[in-house]
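Here are a few notes to read alongside the model, all about aromatic rings and what sits around them. Have the viewer open as you go.

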Amino acid sequence: MSAPNPPIAEVVIPPSAPPPLPQGTPESSGKRYSDWKHAWDDARAAVAVDIAVLQTTVSEPQQTGTYMSKHVTYLVRTEPYTYLVRRRYTDFAWLRDTLQKRYIGMLIPSLPPKTGVVHYQSGTQTTTSHVKNRMRMLGIFLEQLIQIPYVRGDPSVLAFLSVQNEQEFEAAKTATAMPDLFTDTSAGAIKWRDALRSATIPHNGQRVLMDFISQLEYLEGHLKKLVTATKNLSITAQAKRQSMGSLCNTFQEWGKTETEFGNASKFEYPNKSSGEMVKVLNNSATTLEGWGKVLSFEPTIIESVVYAGVTYLNQQVDAFKNLIKLRDASIRDLEKADKSLAGKKAERESTGNGDKPLSGGVFSFSNKSETLNEAIAREEQDVRAKRRTVEAMARALFFSEIDRFNQDRQETMESAMACLAASELMVSTKNAKLFAAFFTSMKLDSGEWSTKAKDVLSLQDQVDLQFEDTGSLSGSTGSLGK
């Protein structure tokens, strides 16, 4: 039985200004947390009252649009509510941007970059690779996003996952994007405010931040190399699969030739061992064909598991650097606003007249020139809002986001390698069955031939070890033959 549908924000076109916080709605629940994990557990429990633990998948890309403006949509499935919606890349980008603005200071999962124009020619390898990679990265984005308890019940997230009609979704975008962190009354937003109020900024905060930025630089260097290496490995695996296909075809052609060699009507001295040779070649071709099918999984495993994992981590490093840049820009914006406010207050003090209209100043909605007092009141409100934002960003960084980033990258890498290991175990099982079938079809003793193969590989190992120090041969085949 499927779970009941979660409450979805009513889709209405909002007024020109966001509504005030309802009377009696607290800005926070008043809770204080000793650490970020405690805060996350409490947020998880609060959100779970209305929203079940979600599981999302991104699949089935489809091209749509006119010839000149084609784009790809992806099927987004959400369980346990069995939501099925189609979303394009710009919808994912809207969701991330909305959440980044609302949950001040929070590191929102990253998206693959919006690359240049892709010419969607049906069946081309470039297009297929691009779409498959983007689909996988969008899937990772959603998987990571719904793990954040604060945003799991967010109206924008729920609208993204559930609203099917395109026009209704556009209206939902407008309606759900209005509240900011300090006016949002959803359980997740209240809990995030609780978390920020629990944070303390260390006295050496700036030095800590600079130290962390240097760590990000080191990480980025390693991850860029891993992205390149795993991409090259995928290309190599694809080339190996293609070479295996060519090898298989050659064995099949050879088998046909050997059959002809045994034909007495074509050759004066036919090959008496033709039948046995054809058997060897046909069984070899069958084995190689099966091996090629197994190898066809390798590029997908590498691309979807390892490459996707390190690419996501590299994007997260970039996202965190941008989050810090946003904080720095907010500080500069606050300093500029403070300076402007101080100047106007100094002018009022020196002239003793706060009611005079400002020359060339801002006009109010009543078409009257803004007075100095009005400008000061407006800028005081603006400075308070900017200071609140700057403080929230700093609190978020030191309360949870640096530590959460470090934990998430460990879990992401562990997940990627575990998935790789599980995939390769399945591949190994398929290979074991495939090659065992060859011994059976040829009526050969696999144990005897394992010993012979081990002897051959051991001799190769000895050569590698002998030349390893001199650098005459690069690398080693390992100890498979030992």
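**Notes on the aromatic rings**

1. Let's start with Phe435, which is partly exposed, with a relative accessible area of 31%. Keep in mind that this is a predicted model. Trp291 is partly exposed too, at 25% relative accessible area.

2. Now put those two rings together. The centres of Trp291 and Phe435 are 5.5 Å apart and the planes meet at 75°, so the pair counts as edge-to-face, the cut-off for that label being over 60 degrees. Along the chain they are 144 residues apart: Trp291 belongs to helix H9 (residues 274-295) and Phe435 to helix H11 (residues 372-442), so this pair links distant parts of the chain.

3. How many aromatic pairs are there? The count comes to 15. Another one to look up is Tyr150 with Trp192, also edge-to-face, with 5.0 Å from centre to centre and 65° between the planes. Tyr150 sits in helix H4 (residues 149-152) and Trp192 in helix H7 (residues 187-198), so the pair ties together parts that are 42 residues apart in sequence. Are these two residues buried or exposed? Both Tyr150 and Trp192 are buried.

4. Rings also gather in a group here. Phe92, Trp94, Phe141, Phe160 and Phe169 make up one aromatic cluster, so do colour these five together.

5. Finally, have a look at the charges over rings. Arg134 has its charged end over the ring of Tyr89, 4.1 Å from the centre. Over the face of Tyr307 you'll find Lys231, at 5.2 Å from the ring centre.

Technical notes: Residues are numbered from 1 along each chain as its sequence is written. This is a predicted model: local features need pLDDT of at least 70, side-chain atom pairs count only at pLDDT 80 or more; totals for chains, interfaces and linings use all residues. Side-chain values use heavy atoms; hydrogens and water are left out. Rings of Phe, Tyr and Trp (its six-membered ring) pair if their centres lie within 6.5 Å; planes under 30 degrees apart count as stacked, over 60 as edge-to-face and the rest as tilted. Helices (H or I, at least four residues) and strands (E, at least two) are DSSP runs, numbered from the N terminus. Buried means under 20% relative accessible area, exposed over 50%, partly exposed in between (1.4 Å probe, protein chains only). A charge sits over a ring if NZ of Lys or CZ of Arg is within 6 Å of the ring centre and within 35 degrees of the ring normal.
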